[in-house]
Amino acid sequence: MYEKYLIHMNDPKDWLRHWDEGTQVVNDFILPRGPKEKDEMSDTIYHKDATVPYHQHRKGFETFEIAAGSVECFMRGKRFVAHAGDIIHIMPWTPHGFHFLEEGTIWRELFQEIDMSGGIWEKNTVNQNFPQYKEDPEFMRIYRGDPLNLTRETPVCIDVDKREMHEVRTPDFSYATWQGDGYEIRLKVGKWETNGVKEIWHASLKKGLVVEYAFPHCNWELYYIKEGSLEVEVMGERFVAGPDCLVHIPNFHPHTIRVLEDTKLYDYGGETDLMAMMEDLESVRKYHSEWLEDPDRMTAFRHKYKCFVTGIYMGK
Ligand SMILES: [Fe+2]
């Protein structure tokens, strides 16, 4: 097996790395993959009144889901409070800093082009093994290199409601919503916001829905389950995934998902051009509805958008 398909985010056995940083602990679930450093995931769990200084990134995308607690945010000169259930998606060059308002606030992180875990590992390796070198200006010049972040004092900020911030995706937020037999999908983050790397969808799935990927395809899949439960079968292996689980399926691993009870999840894999496909499917329904009865044409249509579903239906 390439790596774990099922990750229980609250179970220490499923943590790749764990750091106690004093004002917060960090649990790493998935390390960054490929040249775009995709799909890195971790929890940072903050003590009350921990802070992240105001900074902006020269590159990289940060998607934070607040799994518990609340956070005072300073962003683009605005101040607002975000709460459990909100997602905050931050693009490069967006200034941001945070003040964690509740003990145990869980900041559930999805990174792209950042390698946050690598940075923490590097810092702790130096701190634990070579603290004396931190006094050495030549070492510090090499250690810091060209910093990824530009950090500065928090400016005087204007109070706003979180819904005025395009970075904040409240639970009811959706760019576009589609419904079918047994599912509703809502677009939370578009490809135009991840340099084309991924879309993020929220899916509400009805008990009994079956989704088959029988074809060995090039996409990696990453699901974050919020409520309910799924049975997943990957390469002959079966398991059940529930709340606070990640399902991480490598490419070329055919799989089937059966919804055991009504389920809400985030699709964090997002390699399919699903928004474009759903829009164009509406056009097919309107102008070329006979194509829907032609399996070869519909397979070609799906593959155009990197959609490799081979079956989606309500089971018995
Ligand atoms: Fe940041």
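**Two domains and an iron site**

In this predicted model, the centres of domain 1 and domain 2, taken over C-alpha atoms, are separated by 29 Å.

Colleague: Which residues belong to domain 1 and which to domain 2, and how do you know that the domains are in contact?

Modeller: Domain 1 covers residues 11–169 and domain 2 covers 177–314. Contact requires heavy atoms within 4.5 Å, and 20 residues of domain 1 are in contact with 18 residues of domain 2. Between them the two domains bury about 1900 Å², with 59% of that area on carbon and sulfur atoms.

Colleague: What makes His55, His57, Glu62 and His96 donors of the iron ion?

Modeller: A donor here is an N, O or S atom within 2.8 Å of the metal, and NE2 of His55, His57 and His96, together with OE of Glu62, lie 2.2 to 2.4 Å from the iron ion, so these atoms meet the cut-off. Along the sequence, the donor residues follow the spacing H-x1-H-x4-E-x33-H.

Colleague: Why is the site of the iron ion called irregular?

Modeller: Four donors count as tetrahedral if all angles lie between 85 and 135 degrees, but the angles among the 4 donor atoms run from 78 to 163°, so the tetrahedral label does not apply and the site is irregular.

Colleague: How do you know that a side-chain oxygen of Asp136 makes a polar contact at the start of helix H2?

Modeller: The side-chain oxygen of Asp136 reaches to within 2.9 Å of the backbone nitrogen of Glu138, and the limit for a polar contact is 3.5 Å. Helix H2 spans residues 137–144, and just after H2, Gly145 takes a positive phi of about 55°.

Methods: Residues numbered from 1 in each chain as written. Predicted model: local features only at pLDDT ≥ 70, side-chain atom pairs only at ≥ 80, totals over all residues. Heavy atoms only, no water. Donors = N, O, S within 2.8 Å, 3.2 Å for Na, K, Ca; no water. Tetrahedral: all angles 85-135°; square planar, octahedral: opposite > 155°, others 65-115°. Polar contact = N/O pair within 3.5 Å; in protein donor to acceptor, adjacent residues only side chain to side chain. Helix = DSSP H or I, 4+ residues; strand = E, 2+ residues; numbered from the N terminus. Domains from an automatic or database assignment. Buried area = accessible area lost by both parts, 1.4 Å probe.
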